[in-house]
Amino acid sequence: MSDSDDDDIPRLSSHTLAALQEFYAEQKQQSDPGRDDKYNIGIIEENWLSQFWYSQETALRLAKEAIAAAGEGGRIACVSAPSVYQKLRALHREDFSVYIFEYDKRFAIYGEEFIFYDYNNPLDLPEKIAAHSFDIVIADPPYLSKECLRKTSETIKYLTQGKILLCTGAVMEEEAAKLLGVKMCKFIPKHTRTLGNEFRCYVNYDSGLDHEI
């Protein structure tokens with residue numbers, strides 16, 4: 001190849017090359033995040049049609065509530081509540097175990113703690129998930145409908161030994177009480193984006209979420 005042939009090969013400017021390298025780094029980070037930040041809320045982006053992540057403050061409050069309710073060595077199930085799972089793991093504590101039950105397979109980056117879950121098949125769970133094997137279940141049904149809450153409730157009642165922390169719209173208060181025996185808490189959860197419907201937490205036990213802080 002002659003020098004003139006080399007001159008014909010297009011070359012990227014240093015600025016363009018740096019931008020391209022940054023793009024590839026971001027893509028790699030999303031597909032294979034490092035240990036230190038793989039549990040950051042937002043590392044997996046929201047699907048703007050059906051996913052709404054909790055704010056950092058709300059995720060932390062719910063995570064601490066779950067730990068307190070589960071007790072030392074307790075087992076926690078996060079059903080369609082990935083940001084609570086992420087916050088629990090970001091705390092780097094070893095005195096509890098936790099699973100994430102989620103339809104979005106991007107969360108499979110969490111390995112054996114990820115359980116594929118479709119609320120349309122509420123009891124289609126792997127054999128390793130035994131009935132009534134979790135001290136507390138935190139659930140945030142993906143859709144604001146009676147059908148979705150009813151089917152998710154089947155999963156909740158199968159998983160829990162008793163304690164339930166449900167996060168859903170205020171309009172579902174009566175239905176939630178009927179299906180799960182839960183009552184609305186004083187604590188009001190917040191999200192990273194503003195929702196069109198008022199959102200609340202419900203529990204069936206004496207919860208710290210029902211006390212002002």
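Strands β1 and β4 run parallel and are joined by 4 bridges, strands being DSSP runs of E with at least two residues and helices DSSP runs of H or I with at least four, both numbered from the N terminus, while two strands count as paired if DSSP finds at least two bridges between them. Within this pairing, I76 stands opposite I136 in β4. The model is a predicted one, in which local features need pLDDT of at least 70 and side-chain atom pairs count only at pLDDT 80 or more, whereas totals for chains, interfaces and linings use all residues. Residues are numbered from 1 along each chain as its sequence is written, and side-chain values use heavy atoms, with hydrogens and water left out.

The strand pairings are set out below.

| Strands | Sense | Bridges | Facing residues |
|---|---|---|---|
| β1 and β2 | parallel | 6 bridges | A77 and Y99 |
| β2 and β3 | parallel | 3 bridges | F101 and I115 |
| β4 and β5 | parallel | 5 bridges | I138 and L165 |

From β4 the chain crosses through helix α5 (residues 146–159) to β5 in a right-handed β-α-β crossover, right-handed meaning that, with the strands pointing away from the viewer, the path from the first strand over the helix to the second runs clockwise. The β-α-β crossover from β1 through α4 to β2 is right-handed.

Burial (under 20% relative accessible area with a 1.4 Å probe, protein chains only; exposed is over 50%, partly exposed in between) marks both β2 and β4. In β2, 6 of the 7 residues are buried, so this strand is largely enclosed by the rest of the structure; in β4, 5 of the 6 residues are buried, so β4 is likewise largely enclosed.

The largest nonpolar core has 32 residues, and those with the most contacts inside it are L62, I76, L88 and L165; such a core is a set of buried Ala, Val, Leu, Ile, Met, Phe, Trp, Tyr and Cys residues joined through side-chain atoms within 4.5 Å. Elements that each supply at least two residues of this core include α3 (56–70), β1 (74–79) and β5 (160–169), and the largest share, 7 residues, comes from α3. Leaving aside neighbours within four places in sequence, L165 is in contact (heavy atoms within 4.5 Å) with residues including L62, I136, I138 and C201.

A polar residue is found in helix α4, where Q86 lies. Q86 is buried, with a relative accessible area of 1%, and its side chain makes a polar contact with the side chain of Y110 (3.0 Å), a polar contact being a pair of N or O atoms within 3.5 Å of which, within protein, one must be able to donate a hydrogen and the other to accept it, residues adjacent in sequence counting only if both atoms are side-chain atoms.
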